[in-house]
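Here are a few exercises to work through with the model open beside you. Try each one yourself before reading the solution.

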Amino acid sequence: MDKKLKIAEIATRTGLSASTVSRVLAGKANTSEKARDKVLSCARELGVMEGMAAGRMLLNSLIVFAPQRAFDERSDIFYYRVIQSINKALSPHEVRLRYCALEENDSDANLFLARMNEGETQAAILLGIDDPHIHDLAADFAKPCVLINCRDERMRLSSIAPDHRLIGQFAASYLFDMGHRAVVNVMCLRRYTMELRLVGIREAWKNGNLRFQDARDLIAVPSFSAKETEEKVGAWLDAQGGKPLPTAFLVGGDFMAAGTISALQKRGLRVPQDVSVMSIDGFNLAAIQDVPLTAIHVPRDELGTEAVQMLQQRLIRPEAPRGSLLLHGTLAVRESVRRIRPGTRRTAVEREGLYDD
């Protein structure tokens with residue numbers, strides 16, 4: 001058994017025999033519940049459980065294929081952090097991590113084949129690559145491959161991604177639970193993953209017996225930038241011409257939320273006193289112009305960690321069934337969303353404070 005299991009040390013600390021410790025760590029049923037609890041508690045303290053789960057990687061070289069922007073934090077902070085999490089997950093192991101840029105669609109198949117055929121390439125991770133031809137090529141290689149935030153529609157490759165549909169549904173449902181009914185969604189729909197979020201949002205509206213109308217309830221922005229979002233939301237606000245405004249905006253990213261808040265504040269609207277703003281992201285900007293941002297954290301660092309674990313399982317059990325692992329988001333409640341009580345009126349906009357500066 002691996003020396004990392006430290007059976008003798010656990011036996012000494014717990015007062016149990018080495019054979020009892022070995023049986024517990026091997027998952028045998030012929031041990032008492034009391035002995036099992038003592039062994040597992042001690043094993044967790046010693047870090048043994050983590051070693052058992054991760055094990056020794058059965059490879060020495062891994063290549064990550066991703067869009068070029070994923071390698072620049074300023075171009076795509078989400079993908080950049082996912083790559084950093086892959087690197088961190090591999091740091092305890094003797095694994096050389098290499099990178100190759102590919103387009104999301106219409107990828108360079110010759111480049112992919114050349115890198116995969118290199119002798120030092122033992123396994124691959126595809127991050128955000130949607131080209132089905134690349135997926136077919138990867139599936140045909142006798143080298144394990146795992147997808148992150150993309151899907152093999154022919155179901156031959158294992159994948160891991162945020163559960164975008166459920167994340168969108170949960171975010172919209174939270175606003176409804178806070179009493180909001182007039183909600184405008186600010187979304188960038190450049191990838192199918194964002195469309196899945198919108199599907200979830202629509203489901204939340206349906207579950208709340210509300211009718212979703214694109215012309216009224218959706219502002220589509222071509223990118224995730226704060227500047228473009230501010231322009232789009234600002235133009236939408238200006239076009240309302242005195243109509244009642246929504247009580248909340250549900251925004252598809254922190255930088256988009258920054259643009260939305262800026263557009264609102266420039267028109268004399270306060271967040272959250274006059275209009276609430278919620279983000280689906282929550283990592284990059286915890287506060288925007290001193291407004292703590294309520295958000296759904298989309299899994300990011302976990303994607304790389306779990307992808308490495310999934311790759312390890314593919315190495316240990318190459319004939320195991322392929323599947324998709326969808327990770328849930330987490331709610332971060334801050335101050336940019338206020339509860340609307342039944343029968344209460346919207347707080348009037350006051351450009352001046354109660355007290356002199």
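**Exercise 1.** Which residues of helix 7 (residues 132-140) are buried?

Solution. Keep in mind that this is a predicted model. Start by going along the helix with the cut-off for buried, under 20% relative accessible area. In helix 7, you should end up with Ile 134, His 135, Asp 136, Leu 137 and Ala 138. Next, look at what surrounds them: the buried residues of helix 7 pack against helix 6, strand 3 and strand 4. Finally, check the start of helix 7, where a side-chain oxygen of Asp 131 comes to within 2.9 Å of the backbone nitrogen of His 133.

**Exercise 2.** Work out the place of Glu 104, and decide whether Glu 104 counts as buried or exposed.

Solution. First, place the residue: Glu 104 sits in the loop between strand 2 (96-101) and helix 6 (109-117). Second, apply the cut-off. Glu 104 has 10% relative accessibility, so it counts as buried. Third, look for polar contacts of its side chain. There is one with the side chain of Arg 190 at 3.0 Å, and one with the side chain of Arg 191 at 3.4 Å. Last, widen the search to everything Glu 104 touches, leaving out residues up to four places away in sequence: Pro 67, Arg 69, Gly 128, Ile 129, Asp 130, Asp 131, Arg 190 and Arg 191. Asp 131 should ring a bell, as its side chain turned up at the start of helix 7.

**Exercise 3.** Trace the open sheet of 6 strands and find what helix 5 touches there.

Solution. Begin with the strand order, which is 2-1-3-4-5-13, with parallel pairing. The edges are strand 2 and strand 13 (324-327), each of which pairs on one side only. Neighbouring strands here are turned by 20° against each other on average, ignoring direction. Now zoom in on one pair: strand 1 (residues 61-66) and strand 2 run parallel over 6 bridges, and Val 64 has Tyr 99 in strand 2 as its bridge partner. Then add the helix. Helix 5 packs on the sheet and touches strand 1, strand 2, strand 3 (123-127) and strand 4 (145-148), with its direction at about 160° to that of strand 2.

**Exercise 4.** Why does the largest nonpolar core lie between domain 1 and domain 2?

Solution. Take the domains first: the assignment for the protein chain gives domain 1 (61-157) and domain 2 (164-297). Their centres, taken over C-alpha atoms, are 32 Å apart, and the contact takes 9 residues from domain 1 and 8 residues from domain 2. Next comes the core itself. It has 48 residues, and Leu 62, Ile 86, Ile 148, Ile 201, Leu 250 and Met 278 touch the most other members. Helix 5 (residues 77-90) gives the most, with 7 residues. Both domains give residues to this core, so it lies between them. Apart from this core there is another, of 23 residues, including Val 186, Cys 188, Ile 288 and Val 291.

**Exercise 5.** Locate Arg 341, then say how many residues and how many Å separate it from Arg 69.

Solution. Look in the segment after strand 14 (330-332), where Arg 341 is found. Its relative accessibility is 51%, so Arg 341 counts as exposed. Now compare sequence with space: Arg 341 and Arg 69 are 272 residues apart along the chain and 44 Å apart, C-alpha to C-alpha.

Technical notes
Residues numbered from 1 in each chain as written. Predicted model: local features only at pLDDT ≥ 70, side-chain atom pairs only at ≥ 80, totals over all residues. Heavy atoms only, no water. Core = buried A, V, L, I, M, F, W, Y, C linked by side-chain atoms within 4.5 Å. Buried < 20%, exposed > 50% of the residue type's maximum accessible area, 1.4 Å probe, protein only. Helix = DSSP H or I, 4+ residues; strand = E, 2+ residues; numbered from the N terminus. Domains from an automatic or database assignment. Polar contact = N/O pair within 3.5 Å; in protein donor to acceptor, adjacent residues only side chain to side chain. Contact = heavy atoms within 4.5 Å. Pairing = 2+ DSSP bridges. Axes fitted to C-alpha atoms, helices over the stretch in contact; angles between N-to-C directions.
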